[in-house]
Amino acid sequence: MTTSATATPTGALVFYSEFDDFDTWKRALQAQLPELQVLHWREVTDPEAIHHALVWKPPEGFFKTMTQLRLIINLGAGVDSLVARNDLPLGVPITRITDPQMARMMAGYVLFATLRHARDIPFFEQAQRRGEWAYRHPRNPEDIRVAVLGLGELGARAASELQRQGLTVLGWSRSPRHIEGVQCHAGLDTLDGVLSQADIVVIMLPLTAQTRGLLGRERLARLPHGAALINVARGALVDQAAMTELLQSGHIGAATLDVFEHEPLPADDPLWHMENVLITPHLASVAIPASAARQIADNILRIVRGETPANRIDPSLGY
Ligand code: NDP
């Protein structure tokens with residue numbers, strides 16, 4: 001079904017991403033808005049005809065000649081790389097993609113990673129490599145406390161899914177949240193208390209001026225001995241050198257890491273060869289064109305009608 005044609009898009013949309021397939025996105029967008037001209041950035045001959053930009057990490061100066069821009073859509077949920085730039089056109093609203101399918105995909109990854117630690121699978125993987133039948137009695141899920149840091153579109157969904165597994169889930173966010181069955185805490189004052197109780201910590205915060213380096217050496221040291229760490233948000237939320245040392249000493253028992261301070265993770269990084277670390281290359285969740293195109297089309301039409309777009313980010317908060 002195409003988006004209701006109560007308005008017709010004006011101008012063209014420019015696409016920039018080195019990670020996403022242009023033709024797939026073009027098809028998905030034109031299925032919603034057949035009249036919308038969708039251009040790969042290399043095809044743009046008249047920058048003033050561009051009213052909308054769907055971008056992931058465009059190069060510096062990208063927007064400079066697009067003087068009629070009305071909407072910037074970040075091709076993903078995390079806007080840290082976009083809001084950190086100083087070449088954004090003033091007054092143009094920025095939205096991000098945040099759809100239920102993305103939250104479901106992320107919840108799947110978090111569920112997999114958390115249950116892997118909760119069921120001591122890394123211990124059995126290591127025992128298998130030694131050819132050892134190493135029985136370890138399963139823990140009662142309720143006795144395993146999982147702290148989910150960040151209870152937004154992705155974190156709230158993951159926290160609910162974890163709670164449904166019978167785990168004890170603690171949530172943490174900036175402002176107070178209510179999630180059925182989850183013990184929610186808010187504000188920096190409560191963070192150390194949450195961390196000190198956690199057997200497994202799942203990081204699902206945006207990277208902002210407030211959250212950069214939030215999990216520094218001291219905070220990581222407050223985790224109970226042997227706790228597991230799962231980071232699916234951004235590498236720079238954590239002091240990676242301190243985390244590596246704490247993983248080497250066993251204070252942090254194990255980690256599942258999808259994101260890193262520097263990506264790709266350099267070939268000589270010690271994390272690659274640590275038995276208690278599982279690495280995936282930043283793919284815990286991705287925007288799915290068919291469903292994301294619906295919200296992009298809806299926002300384009302909102303702009304045409306002079307309305308405020310949905311999923312708008314607040315550059316002053318950084319998310
Ligand atoms: P949202 O913006 O919906 O939610 C962010 C959550 O973090 C909110 O609960 C917010 O609190 C909380 N938060 C923000 N700042 C602070 C702070 N200073 N102190 C405490 N809590 C804070 O984000 P999403 O759930 O959509 O996404 C989270 C992050 O996941 C993205 O920013 C992105 O970096 C990452 N991501 C990673 C992917 C991957 O493949 N690895 C894919 C997609 C996203 P409040 O509720 O009060 O606003």
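These legends accompany close-up views of a predicted model of a protein chain with its ligand.

**View 1. Two domains make up the division of the chain.** Domain 1 is built from two stretches, 4-99 and 287-304. Domain 2 covers 101-279. The C-alpha centres of the two domains are 33 Å apart. Twelve residues of domain 1 and eight residues of domain 2 take part in the contact.

**View 2. The ligand lies between domain 1 and domain 2.** Both domains give residues to the shell around the ligand, so the ligand is placed between them. The shell holds 31 residues. Arg96, Leu151, Ser175, Arg177 and Tyr319 are the closest. By residue class, the shell has 15 nonpolar, ten polar and six charged members.

**View 3. Helices and a strand contribute to the shell around the ligand.** At least two shell residues come from each of α3 (100-118), α5 (153-164) and β7 (168-173). Which element gives the most? That is α5, with three residues.

**View 4. Oxygen atoms of the ligand pair with polar atoms of the protein.** At Leu154, a polar backbone atom is 2.9 Å from a ligand oxygen. At Ser285, a polar backbone atom is 3.1 Å from an oxygen atom of the ligand. Arg234 takes part through its side chain: an N or O atom there lies 3.2 Å from a ligand oxygen. How much of the ligand does the protein bury? Taken alone, the ligand exposes 940 Å², and the protein buries 93% of that.

**View 5. Asn276 is a buried loop residue.** The loop in question runs between β11 (252-257) and β12 (277-279). Is Asn276 buried or exposed? Its relative accessibility is 16%; the limit for buried is under 20%, so Asn276 counts as buried. A polar atom of the Asn276 side chain lies 3.2 Å from the backbone oxygen of Gly253. Gly253 is also among the contacts of Asn276 beyond four places in sequence. The others in that set are Gln126, Leu247, Ile252, Ala254 and Ala255.

**View 6. A cis peptide bond leads from Glu263 to Pro264.** Omega of this bond is near -5°. Where is Pro264 found? Pro264 sits in the loop between β11 and β12. Asn276, shown in the previous view, belongs to the loop between these strands.

**View 7. Lys57 has a positive phi.** The value is near 50°, and the residue is not a glycine. Lys57 is located in the loop that links β3 (50-55) and β4 (71-74). The relative accessible area of Lys57 is 47%. Partly exposed covers values between 20% and 50%, so Lys57 falls in that class.

**View 8. Asn311 is a further non-glycine residue with positive phi.** Phi of Asn311 is about 60°. Which part of the chain holds Asn311? The residue is in the segment after α9 (289-304). Asn311 is partly exposed, because its relative accessibility is 28%.

Key: Residues numbered from 1 in each chain as written. Predicted model: local features only at pLDDT ≥ 70, side-chain atom pairs only at ≥ 80, totals over all residues. Heavy atoms only, no water. Near = heavy atom within 4 Å. Polar contact = N/O pair within 3.5 Å; in protein donor to acceptor, adjacent residues only side chain to side chain. Areas by Shrake-Rupley, 256 points an atom, 1.4 Å probe, with all protein chains shown as cover. Helix = DSSP H or I, 4+ residues; strand = E, 2+ residues; numbered from the N terminus. Nonpolar A, V, L, I, M, F, W, Y, C, P; charged D, E, K, R; others polar. Domains from an automatic or database assignment. Buried < 20%, exposed > 50% of the residue type's maximum accessible area, 1.4 Å probe, protein only. Contact = heavy atoms within 4.5 Å.
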